[in-house]
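Q: Could you take a close look at the aromatic rings in this model and walk me through how they pair up?

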Amino acid sequence: MKKYKLIWVLGLMSLYLSSCKKFLDTTPYDKITGEQTWSSENLSTAFIYQIYTDVLSSDSWLAAYASPNSARSESSTKNAMTGTLNGPFWSKDRAELMTKNDDYGWINYNLLWRIHTAMKNIEESPKFSAEYKKRSLGELHFLRAAHYFIYAKLYGGLQIIDRELSPTENLQIPRKSIKETYDFIIADLDIASQSLPPTTERGRASSAAAYALLMRVGVQAAAYVDGGAANSVYYDKTIAAGTALGLNANGSQLSPYANMFRAYETAIASKEIILSRERSKINSSLYDTPIQYQGLWANGNFSAYAKEHFPINVTMNFWGMDGGSWPTQDLVDDYLVKDLDGSIKPWTSASYVTTGKNVDEKMYFSSTKKRDLRFYSTILYDSCMYFNNQARVFFRRDGNVSNANSKINEGSVEEYGYKAGNTENYNSSTGYAMIKYQYDQIISLPSPGDQKLDYSYAVFRYGEAYLNMAEAYLMKGDFANAKQYITATMVKHAGFEENQVTAYLAPLTGNNWGDALFEAYKRERNVEMVYENNDTYWSLMRWGMRKSGGVRNGEYASSGFVIPDLQGSLRGIRISRDGKTYSFFQDNNSAGEARFTPKRYLIPINEAFRLKSGVNQNPGWD
């Protein structure tokens with residue numbers, strides 16, 4: 001897939017093209033020297049902007065910031081099944097097939113060299129203003145921290161490179177401890193938060209972005225370094241960063257949830273998004289977004305019954321899907337519902353389950369929106385309209401977008417005499433599809449490449465910051481403050497009333513696996529952050545590491561907690577043809593059911609690289 005420049009890179013290029021016109025009239029751009037780059041604030045900034053691109057568009061599927069992989073990697077949890085029953089895709093993660101011969105990446109030496117070259121030349125420049133130096137160096141510290149954090153999550157301790165290295169130095173640099181690595185990242189963010197402006201143009205880091213990343217780093221470090229101890233300094237750092245962000249009881253920084261994910265125009269206007277990564281329609285199409293890779297496929301290859309009762313009312317085919325992540329019933333069950341008496345509860349406990357006349361009234365409440373509002377901005381379910389209201393899609397048995405090879409249509413040959421559903425094996429295997437990060441106005445075109453669009457990803461936003469604040473208080477045992485910050489997202493994003501949320505949370509307590517308040521927080525974080533930055537996976541990992549006791553001297557403090565949420569089969573829904581009844585089924589992807597062993601808390605370093613670089617292997621992978 002082609003690599004495209006981001007919209008803010010194009011904007012900057014146009015800035016320096018206009019301001020440096022005289023220079024560019026006489027010197028070809030591809031002949032610009034390092035000396036010229038570090039004598040111009042515009043060219044130096046362009047150099048930094050390319051670093052933004054490389055850091056934020058990292059395609060590490062397990063730990064990326066903002067890319068199509070951020071959605072596709074959701075099937076590293078039980079929230080989603082990637083692909084179809086015949087497609088393995090992320091099966092190495094799901095089925096624990098990874099080995100030390102796999103290559104999941106490592107810190108980028110070239111990228112770090114460019115960061116340190118920029119730091120050195122900007123700091124030493126006699127031409128740059130003090131204000132420019134302060135901001136630029138703040139950005140570079142932020143970007144270095146962001147890059148290191150991707151790989152700290154994966155591997156723990158890393159090689160710490162904090163300056164421009166010379167060819168004569170020994171490049172076999174030993175790994176630092178996991179504590180030293182996280183402290184290095186946090187030190188960078190402390191510098192960035194004090195150097196960057198509080199607000200800035202879209203696509204550039206502000207002090208708020210540094211605080212938001214520090215909070216994300218802080219809760220992870222507390223678990224891996226200190227085993228989630230209540231007195232961990234990393235929880236204190238998280239709370240201090242949240243206080244600096246101005247988080248408050250009424251969630252004033254939060255925007256309507258759908259605005260951030262269902263349309264470009266509302267996403268870029270959202271006050272909640274702290275840092276975004278954007279694409280320009282000048283050189284970007286559906287191929288570069290989750291819309292393509294999480295979409296449905298329909299070319300008319302479905303049964304005569306489906307053609308008559310559930311037709312696709314558009315003249316053009318749906319787009320092909322390459323690794324879409326079908327939401328599971330496990331995820332859908334996490335969206336709470338407001339019952340007739342006004343109380344908040346899981347839908348399985350709600351009165352609608354027994355009083356509803358059909359599946360929609362029992363489960364989805366399309367006309368009344370009784371479920372958590374984030375459900376309607378995230379999950380495409382049976383009988384929804386799709387492609388700018390061009391077509392109604394049916395995931396039910398024999399539906400136009402139900403996978404003929406999935407358990408949705410299991411036994412159809414015996415029952416109907418034919419293979420029911422869409423015979424193309426590229427449709428939902430679970431009874432749901434994803435619409436978070438799919439824009440409402442998108443229509444069906446013959447080729448995804450023909451659909452050009454501006455697109456925005458949220459790298460950091462206040463919704464996550466509120467939950468990181470809640471988590472720090474929860475793990476410290478301050479349940480009152482934890483509930484306060486959980487309430488903010490449940491009111492502003494889920495659409496529940498504050499008194500309802502207060503009543504729901506009031507009797508809950510405890511911060512360990514199985515405790516009522518911890519389980520409520522886990523549920524809330526899942527529906528808030530699903531399909532973003534693989535947040536659910538890393539949240540489960542740090543909570544499991546907290547129970548395991550952390551990492552000490554390169555080894556796990558204990559044999560390790562087996563995370564139940566990363567084990568077992570996936571669940572889907574089978575809805576009858578008439579839409580009145582339903583049942584649930586369990587299924588696995590092609591590699592079998594999900595399995596988890598504690599050695600996965602730190603994944604293996606590629607053995608060939610490890611031997612060349614001289615770094616030691618992670619525990620359990622020798």
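A: Happily; here is a tour of the aromatic pairs, followed by two charges that sit over rings. Keep in mind that this is a predicted model. The count of aromatic pairs comes to 39. A good one to start with is the pair of tyrosine 437 and tyrosine 455, whose ring centres are 6.2 Å apart with 35° between the planes. The centres therefore fall within the 6.5 Å limit for a pair, and an angle that is neither under 30 degrees nor over 60 makes the pair tilted. This pair links distant parts of the chain, 18 residues apart: tyrosine 437 lies in the loop between strand E9 (433-434) and strand E10 (455-461), while tyrosine 455 belongs to strand E10. Tyrosine 437 has a relative accessible area of 3%, so it is buried. Tyrosine 455 is buried too, because its relative accessibility is 0%.

For another geometry, turn to tyrosine 537 and tryptophan 538, an edge-to-face pair with 5.1 Å from centre to centre and 85° between the planes. Both tyrosine 537 and tryptophan 538 are buried.

Back at the tilted pair, there is a wider group to see: Tyr437 and Tyr455 form one aromatic cluster together with Tyr257, Phe261, Tyr439 and Tyr457. A charge joins the picture at one member of that cluster, as the charged end of lysine 436 sits over the ring of phenylalanine 261, 4.4 Å from the ring's centre. Elsewhere in the list of such contacts, arginine 577 lies over the face of tyrosine 305, 3.6 Å from the centre of the ring.

Notes: Residues are numbered from 1 along each chain as its sequence is written. This is a predicted model: local features need pLDDT of at least 70, side-chain atom pairs count only at pLDDT 80 or more; totals for chains, interfaces and linings use all residues. Side-chain values use heavy atoms; hydrogens and water are left out. Rings of Phe, Tyr and Trp (its six-membered ring) pair if their centres lie within 6.5 Å; planes under 30 degrees apart count as stacked, over 60 as edge-to-face and the rest as tilted. Helices (H or I, at least four residues) and strands (E, at least two) are DSSP runs, numbered from the N terminus. Buried means under 20% relative accessible area, exposed over 50%, partly exposed in between (1.4 Å probe, protein chains only). A charge sits over a ring if NZ of Lys or CZ of Arg is within 6 Å of the ring centre and within 35 degrees of the ring normal.
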